[in-house]
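Here are my notes on the model, set out as numbered points. Please read them with the structure open.

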Amino acid sequence: MASSIFIQTSFPSKSVNKFLNTHFIPSFKLPVSLSFKPRTTMPKRVSVRAGLIEPDGGKLVDLHVAEPEQELKKREAALLPRVKLTKIDLQWVHVLSEGWASPLTGFMKESEFLQTLHFNSLRLDDGSFVNMSVPIVLAIDDSQKERIGESNSVALVDSDDQPVAILSNIEIYKHPKEERIARTWGTTAPGLPYVEETVTNAGNWLIGGDLQVIEPIKYHDGLDRFRLSPVQLRQEFERRNADAVFAFQLRNPVHNGHALLMTDTRRRLLEMGYKNPILLLHPLGGYTKADDVPLTWRMKQHEKVLEDGVLDPETTVVSIFPSPMHYAGPTEVQWHAKARINAGANFYIVGRDPAGMGHPVEKRDLYDADHGKKVLSMAPGLERLNILPFRVAAYDKTQGKMAFFDPSRAQDFLFISGTKMRTLAKNKENPPDGFMCPGGWKVLVEYYDSLTYSDNGRIPEAVRA
């Protein structure tokens, strides 16, 4: 279920308001104790030149330790109580460190956590809102809490006990799991992938504070070159002289229906008067559920899409969004929108059931398919956001290619679901010509073939990134 967003640009002569009605959320007064305040340890700030949409809070947060201080921080970390990070915790450290969650400067303290759960936003000292719809928190158990004791700082270490970051000015508070699950996912039904992976068996406490990341997070999986930070993306957009950036998030292989939507979006932006709209093709690179195509295979497939000329490399930037996936529907799509604003995107297309999934117990979708785009038009802190709904594309049998669905001749169209696509690939059957570029389809077949080898006791050959 791919999604993207259209955010209102700062260029008033090229308004996109005509495409939708945007609802403004009236402000409301929070007690000072609950407002989002800059933390004691001030992070480095990165100036952003005019021309791209401003990040939330006006400045991008950079939580990396300066290189000359890294060894000093490692020695400091060695003397502190330790908290071991899970793989997903490390992905959140990556997200925070690069400013995707600006102006957040570390794992959430309780006031930030509660605002996120109940308001889907953080209120700044000047009274303005920034959107924040998913909790970015770090859980610890009773024994870890006891070891931390009265310490004001802790060292965050990886699976090999190597120091990753220092969390200072810490606050430890109760982890209300049921409330967190209910308010984030809208259900406490069993079988929610992210919940089972990270929440159910997590500790009963949350620890928040100011984050200092000792070295940039690297995965050494052959894909680090695609993991551009918000700063790097903004620099790339400026290098290409982009006057509009439209982001397309996906966690699935790109078929020609996706490509049609992206190329049509660029055409519409050109018609609106923009001279050089740039596409940010931005696959999610953090945790995904077990039946999603793994990132390495998806990236190989995306590269083939560009090689085969389905998308223009001159007007496309391919990068990996490091966030884990919640599958929290309308709640999570706000996070996806907010993060892309920080990366410089001022347009984003929202699709059917963004960030959604099937109900884990019942045979239906967990969320209403239209609620994601409706929520985005009303979300606090996203008032700059305008939505261009995902136009439905299907295979046009009369033209032998993907086209926008025309209900007046519905009989001419063939809808190829994700399930159907997977079945064809597993059986090494080809889809109709024009559904997906041949190189991209070959990658998909190779992936499902590797699963067959694995099921038969053979170890699949690792795909080269």
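1. In which helix is the place of valine 445? Valine 445 sits in helix H13, which covers residues 438–455. Bear in mind that this is a predicted model. The relative accessible area of valine 445 is 16%. The cut-off for buried is under 20%, so valine 445 counts as buried.

2. What does valine 445 touch, once its neighbours within four places in sequence are left aside? The contacts are Ala425 and Lys428. Asparagine 430 can be located from the same residue. The C-alpha atoms of valine 445 and asparagine 430 are 9.1 Å apart, with the two positions 15 residues apart in sequence numbering.

3. Now the sheet. It is open and has five strands, in the order S4-S8-S9-S10-S7. The pairing is mixed. Strand S4 (82–84) and strand S7 (139–140) are the edges. Each has a single partner strand, so one side of each has no neighbour in the sheet.

4. Helix H2, residues 87–98, packs on this sheet. It touches S4, S9 and strand S10 (205–213). The direction of H2 makes about 50° with that of S10.

5. Look next at strands S8 and S9. S8 spans residues 153–157 and S9 spans residues 163–174. They pair in the antiparallel sense, over five bridges. Valine 157 faces proline 163 of S9 across the pairing, standing opposite that residue.

6. On to the aromatic side chains. How many aromatic pairs does a search of the whole structure find? The count is 11. One of them joins phenylalanine 113 and tyrosine 173, with ring centres 5.9 Å apart and planes at 50°. That angle makes the pair tilted, because edge-to-face needs planes over 60 degrees apart. Phenylalanine 113 belongs to helix H3 (residues 110–119) and tyrosine 173 to strand S9, so the pair ties together parts 60 residues apart in sequence. Phenylalanine 113 and tyrosine 173 are both buried.

7. Tyrosine 194 and tyrosine 287 make an edge-to-face pair. The centres are 6.1 Å apart and the planes stand at 65°. This pair links distant parts of the chain, 93 residues apart. Tyrosine 194 is in helix H6 (residues 193–199). Tyrosine 287 is in the loop between strand S12 (277–283) and helix H9 (295–307). Are these two tyrosines buried or exposed? Tyrosine 194 is buried, at 3% relative accessibility. Tyrosine 287 is buried too, at 14%.

8. Two further items concern tryptophans. Trp92, Trp100, Phe321 and Trp335 are linked by ring pairs into a cluster. Tryptophan 205 has lysine 145 over its face, 4.6 Å from the ring centre. Lysine 174 also lies over the face of tryptophan 205, at 4.5 Å from the ring centre.

9. Charged pairs come next. The count of salt bridges is 26. Lysine 338 and aspartate 56 form one, at 2.9 Å from N to O. The two residues are 282 residues apart, so to speak at distant parts of the chain: lysine 338 in helix H10 (residues 329–342), aspartate 56 in the loop between strand S2 (44–46) and strand S3 (60–62). Lysine 338 has 0% relative accessibility and counts as buried. Aspartate 56, at 3%, counts as buried as well.

10. A salt bridge within one helix joins lysine 304 and glutamate 307, at 3.4 Å from N to O. Both lie in helix H9, three residues apart, about one turn of the helix. How accessible are the partners, and which classes follow? Lysine 304 has a relative accessible area of 28% and is partly exposed. Glutamate 307 has 55% and is exposed, because the cut-off for exposed is over 50%.

11. Glutamate 362 and arginine 364 form another salt bridge, with the closest N and O atoms 2.6 Å apart. Glutamate 362 is partly exposed at 41% relative accessibility. Arginine 364 is partly exposed at 42%. Elsewhere, salt bridges with shared partners join Arg251, Lys289, Asp291 and Asp292 into one network.

Methods
Residues numbered from 1 in each chain as written. Predicted model: local features only at pLDDT ≥ 70, side-chain atom pairs only at ≥ 80, totals over all residues. Heavy atoms only, no water. Pairing = 2+ DSSP bridges. Helix = DSSP H or I, 4+ residues; strand = E, 2+ residues; numbered from the N terminus. Contact = heavy atoms within 4.5 Å. Axes fitted to C-alpha atoms, helices over the stretch in contact; angles between N-to-C directions. Phe/Tyr/Trp six-rings, centres within 6.5 Å; stacked < 30°, edge-to-face > 60°. Buried < 20%, exposed > 50% of the residue type's maximum accessible area, 1.4 Å probe, protein only. Lys NZ or Arg CZ within 6 Å of the ring centre and 35° of its normal. Salt bridge = Lys/Arg side-chain N within 4 Å of Asp/Glu carboxyl O.
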